[in-house]
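I opened this notebook to record, entry by entry, what I looked up in the structure. The order follows my own questions, beginning with a helix and ending with the loops.

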Amino acid sequence: MPKHGEKVRMKAMVVGATGAIGSVCSRLLAMVAEEVYMVSPETAKLLDLKADMERENPRAVIHIAATPNEALPEMDMIVTA
């Protein structure tokens, strides 16, 4: 069990990360997961969201992609929104 403020050792992916629900899920996961992968075909929105999240949580490790294909096998959790 992680201590307060520590990240959980997991990789989480949010497919549909630029939508209303997907962006909230991404933000919440970035606070607790070791790595977050955000997936959306909307590159500009994805880049903006990533920049916002990194400002809010500088320790977050955030990856972005247009499709989930390459990183999918590595995920411990996948959220589709």
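**Entry on H2.** I am working with a predicted model. I began with helix H2, residues 43-56, whose 14 residues reach 20 Å from the first C-alpha to the last, close to the 20 Å expected at 1.5 Å a residue. I then asked which residues of H2 are buried, and I found Leu 46, Leu 49, Lys 50 and Met 53. These residues cover an arc of only 100° around the axis, which puts them on the same side of H2. On the other side of H2, I noted Ala 44, Asp 48 and Arg 55 as exposed. When I looked up what covers the buried residues of H2, the list included helix H1 (20-32), strand S2 (33-39) and strand S3 (62-65).

**Entry on the whole chain.** I next stepped back to the overall architecture, where I counted two helices and four strands in the protein chain, running β-α-β-α-β-β from the N terminus on. The radius of gyration is 12 Å, close to the 12 Å that the globule rule gives for 81 residues, so the chain is as compact as a globular protein of that length. Along the principal axes, I found that the C-alpha atoms fill a box of roughly 35 × 30 × 20 Å. Of the 81 residues, 35% are buried, and the protein chain exposes about 5,100 Å², of which carbon and sulfur atoms supply 59%. I also checked the contacts with a separation of 6 or more, and residues 24 or more positions apart account for 68% of them.

**Entry on the strands.** How many residues of S2 are buried? I found six of its seven, and I therefore wrote S2 down as mostly covered, taking buried to mean under 20% relative accessible area. Strand S1, residues 8-15, pairs with S2 in the parallel sense, and I recorded six bridges between them. One pairing I looked up by residue was that of Ala 12, whose bridge partner in S2 is Val 36.

**Entry on H1.** I repeated the helix check on H1, where the buried residues are Gly 22, Ser 23, Ser 26, Leu 29 and Ala 30. Seen down the axis of H1, these residues fall within an arc of 130°, so they line one face of the helix. Ala 20, Ile 21 and Met 31 are exposed on the other side of H1. As for what the buried residues of H1 pack against, I listed S1, S2, H2 and strand S4 (77-80).

**Entry on two loop residues.** I wanted to know whether Thr 18, in the loop between S1 and H1, is buried or exposed. Thr 18 has a relative accessible area of 17%, and because the cut-off for buried is under 20%, I entered Thr 18 as buried. Leaving aside residues up to four places away in sequence, I found that Thr 18 touches Ser 40, Glu 42, Lys 45 and Leu 46; Leu 46 is also one of the buried residues of H2. Thr 18 and Ala 65 are 47 residues apart in sequence, and I noted 11 Å between their C-alpha atoms.

I then turned to Pro 41, which lies in the loop between S2 and H2. Pro 41 has a relative accessible area of 67%, and I entered Pro 41 as exposed. Finally, I looked up the separation between the C-alpha atoms of Pro 41 and Met 75, which are 34 residues apart along the chain, and found 19 Å.

Notes: Residues numbered from 1 in each chain as written. Predicted model: local features only at pLDDT ≥ 70, side-chain atom pairs only at ≥ 80, totals over all residues. Heavy atoms only, no water. Expected span 1.5 Å × (residues − 1). Buried < 20%, exposed > 50% of the residue type's maximum accessible area, 1.4 Å probe, protein only. Arc of directions from axis to C-beta. Contact = heavy atoms within 4.5 Å. Rg over C-alpha atoms; globule rule 2.2 N^0.38 Å. Areas by Shrake-Rupley, 256 points an atom, 1.4 Å probe, with all protein chains shown as cover. Pairing = 2+ DSSP bridges.
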